[in-house]
Amino acid sequence: MFCIKLELKIRLFGINSLKDKRSVVKTLINSLRKKYNVCALEGNYNDSKNYLGIFVSSLSQSRDYLLNLIEQIENDIELNYGLEIEKEDYLIF
């Protein structure tokens, strides 16, 4: 059994308040949980209007599945939400 821990630093555009950011965060996290059946939560940059930190984790029997899952999640965030992923850090164990 393999486990993945994915940390994403996402740049936000057009956010004027932390309330606006909260709306984006809730929508994004709920979508990731529902679509990919992963554990997702907001992490770093809680007081920043320009950046968002998200942690994602999942389990699988296949390492290749988890690597493909990372790519799908990143593409989904960039294409469907119009956000820019500045940094990605993952660990599979």
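A salt bridge here is a side-chain nitrogen of Lys or Arg within 4 Å of a carboxyl oxygen of Asp or Glu. The model is predicted, so to speak of local features takes pLDDT of at least 70, side-chain atom pairs count only at pLDDT 80 or more, and totals for chains, interfaces and linings use all residues. Residues are numbered from 1 along each chain as its sequence is written, and side-chain values use heavy atoms, with hydrogens and water left out.

**Exercise 1.** Work out which residues share a salt-bridge network with Glu42.

*Solution.*
- Start with Arg22: its closest N and O atoms with Glu42 are 2.5 Å apart, a salt bridge.
- Arg22 sits in helix 1 and Glu42 in strand 2, so this pair ties together parts 20 residues apart in sequence. (Helices, H or I of at least four residues, and strands, E of at least two, are DSSP runs numbered from the N terminus.)
- Now Lys21: this one also bridges to Glu42, at 3.9 Å between the closest N and O atoms.
- Shared partners therefore put Lys21, Arg22 and Glu42 in one network.

**Exercise 2.** Sort the network's residues: buried or partly exposed? Buried means under 20% relative accessible area, exposed over 50%, partly exposed in between (1.4 Å probe, protein chains only).

*Solution.*
- Lys21 has 2% relative accessibility, so call it buried.
- Glu42, at 22%, is partly exposed.
- Arg22, at 39%, is partly exposed too.

**Exercise 3.** Find what Lys35 pairs with.

*Solution.*
- Lys35 meets Asp76 in a salt bridge, 3.6 Å from N to O.
- Lys35 is in helix 1 and Asp76 in helix 2 (residues 63–81), 41 residues apart.
- Asp76 is buried at 4% relative accessible area.
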